[in-house]
Amino acid sequence: EKWGEVPCAFIEMVKDKPVSEKELIDFCKETLAGFKVPKKVVFCDLPKTSTGKIQKFELRKQV
(Lines give C-alpha, C1' and ligand atoms only; values in the text may rest on other atoms or scores of the structure.)
Protein backbone atom coordinates (compact mmCIF):
# COMPACT_ATOMS: atom_id res chain seq x y z
CA GLU A 1 0.00 0.00 0.00
CA LYS A 2 2.85 2.38 0.85
CA TRP A 3 4.49 2.01 -2.59
CA GLY A 4 1.32 1.64 -4.66
CA GLU A 5 1.78 -1.94 -5.90
CA VAL A 6 1.73 -5.41 -4.36
CA PRO A 7 3.49 -8.41 -5.97
CA CYS A 8 1.13 -10.80 -7.78
CA ALA A 9 2.09 -13.89 -9.78
CA PHE A 10 0.27 -14.93 -12.95
CA ILE A 11 0.87 -18.61 -13.68
CA GLU A 12 0.15 -20.50 -16.90
CA MET A 13 -0.06 -24.17 -15.96
CA VAL A 14 1.92 -26.86 -17.78
CA LYS A 15 0.06 -30.06 -18.61
CA ASP A 16 0.60 -32.94 -16.17
CA LYS A 17 2.47 -30.72 -13.66
CA PRO A 18 -0.03 -29.56 -11.04
CA VAL A 19 1.07 -27.02 -8.45
CA SER A 20 -0.81 -25.19 -5.72
CA GLU A 21 -0.75 -21.55 -4.70
CA LYS A 22 0.77 -22.48 -1.32
CA GLU A 23 3.61 -24.44 -2.95
CA LEU A 24 4.51 -21.50 -5.19
CA ILE A 25 4.47 -18.98 -2.36
CA ASP A 26 6.56 -21.28 -0.13
CA PHE A 27 9.11 -21.69 -2.94
CA CYS A 28 9.27 -17.91 -3.43
CA LYS A 29 9.79 -17.36 0.31
CA GLU A 30 12.83 -19.66 0.18
CA THR A 31 14.42 -18.04 -2.87
CA LEU A 32 13.32 -14.38 -2.94
CA ALA A 33 13.55 -11.38 -0.66
CA GLY A 34 10.44 -10.86 1.49
CA PHE A 35 9.18 -7.83 -0.42
CA LYS A 36 9.33 -9.74 -3.73
CA VAL A 37 7.18 -12.68 -2.59
CA PRO A 38 3.77 -12.56 -4.32
CA LYS A 39 0.77 -12.00 -2.06
CA LYS A 40 -1.61 -13.46 -4.64
CA VAL A 41 -1.30 -16.15 -7.32
CA VAL A 42 -3.59 -16.18 -10.36
CA PHE A 43 -3.79 -19.24 -12.60
CA CYS A 44 -4.77 -18.30 -16.16
CA ASP A 45 -3.73 -18.34 -19.80
CA LEU A 46 -1.37 -15.42 -20.31
CA PRO A 47 -2.59 -12.91 -22.92
CA LYS A 48 0.02 -12.52 -25.65
CA THR A 49 0.56 -10.32 -28.68
CA SER A 50 0.94 -11.73 -32.18
CA THR A 51 4.73 -11.73 -31.64
CA GLY A 52 4.45 -13.72 -28.40
CA LYS A 53 5.06 -10.96 -25.86
CA ILE A 54 2.93 -10.95 -22.71
CA GLN A 55 0.36 -8.13 -22.57
CA LYS A 56 1.07 -6.78 -19.08
CA PHE A 57 -1.65 -4.14 -19.29
CA GLU A 58 -4.23 -6.93 -19.73
CA LEU A 59 -2.91 -8.70 -16.62
CA ARG A 60 -3.19 -5.49 -14.58
CA LYS A 61 -6.88 -5.31 -15.51
CA GLN A 62 -7.48 -8.80 -14.03
CA VAL A 63 -6.25 -7.89 -10.54
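# A pocket, three salt bridges and unpaired cysteines

The largest pocket holds about 280 Å³ of space. This is a predicted model: local features need pLDDT of at least 70, side-chain atom pairs count only at pLDDT 80 or more, and totals for chains, interfaces and linings use all residues. Residues are numbered from 1 along each chain as its sequence is written, and side-chain values use heavy atoms, with hydrogens and water left out.

A pocket here is an open set of points on a 1 Å grid over the protein atoms alone, where a 1.4 Å probe fits, with protein on both sides within 12 Å along at least five of seven lines. Its volume is the space filled by probe spheres set on the points, which are joined across faces, edges and corners. Lining residues have an atom within 4 Å of a point.

The lining of the largest pocket consists of Glu5, Val6, Pro7, Cys8, Phe10, Lys40, Lys56, Leu59, Arg60 and Val63. Strand E1 (8-11) and helix H2 (56-62) are the elements that give two or more residues to it. Helices (H or I, at least four residues) and strands (E, at least two) are DSSP runs, numbered from the N terminus. H2 supplies the largest share, three residues. By class, the lining has six nonpolar, four charged and no polar residues. In this scheme Ala, Val, Leu, Ile, Met, Phe, Trp, Tyr, Cys and Pro are nonpolar, Asp, Glu, Lys and Arg are charged, and the others, Gly among them, are polar.

Now the charged pairs. The structure holds three salt bridges, each a side-chain nitrogen of Lys or Arg within 4 Å of a carboxyl oxygen of Asp or Glu. Lys48 pairs with Glu12, with the closest N and O atoms 3.8 Å apart. Lys48 lies in the loop between strand E2 (40-43) and H2, and Glu12 in the loop between E1 and helix H1 (21-31), so this salt bridge ties together parts that are 36 residues apart in sequence. Lys48 is partly exposed at 44% relative accessibility, and Glu12 is partly exposed at 34%. Buried means under 20% relative accessible area, exposed over 50%, and partly exposed in between (1.4 Å probe, protein chains only).

The other two salt bridges lie within helices. In H1, Lys22 and Asp26 meet at 2.8 Å, N to O. They are four residues apart, so about one helical turn separates them. Lys22 is exposed at 56%, whereas Asp26 is partly exposed at 29%. In H2, Glu58 and Lys61 are three residues apart, about one turn of the helix. Their side chains form a salt bridge at 3.6 Å, N to O. Glu58 is partly exposed at 27%, while Lys61 is exposed at 61%.

The loop between E2 and H2 also holds Thr49. Thr49 is partly exposed, at 30% relative accessibility. Its side chain makes a polar contact of 3.0 Å with that of Thr51. A polar contact is a pair of N or O atoms within 3.5 Å; within protein, one must be able to donate a hydrogen and the other to accept it, and residues adjacent in sequence count only if both atoms are side-chain atoms.

What of the cysteines? The structure holds zero disulfides, a disulfide being a pair of cysteine sulfur atoms within 2.5 Å. Cys28 is in none; the nearest cysteine sulfur, that of Cys8, is 11 Å away. Cys28 is buried, at 16% relative accessibility. The sulfur of Cys44 also has that of Cys8 as its closest cysteine sulfur, but at 8.8 Å the two are too far apart for a bond. Cys8 itself is one of the residues that line the largest pocket.
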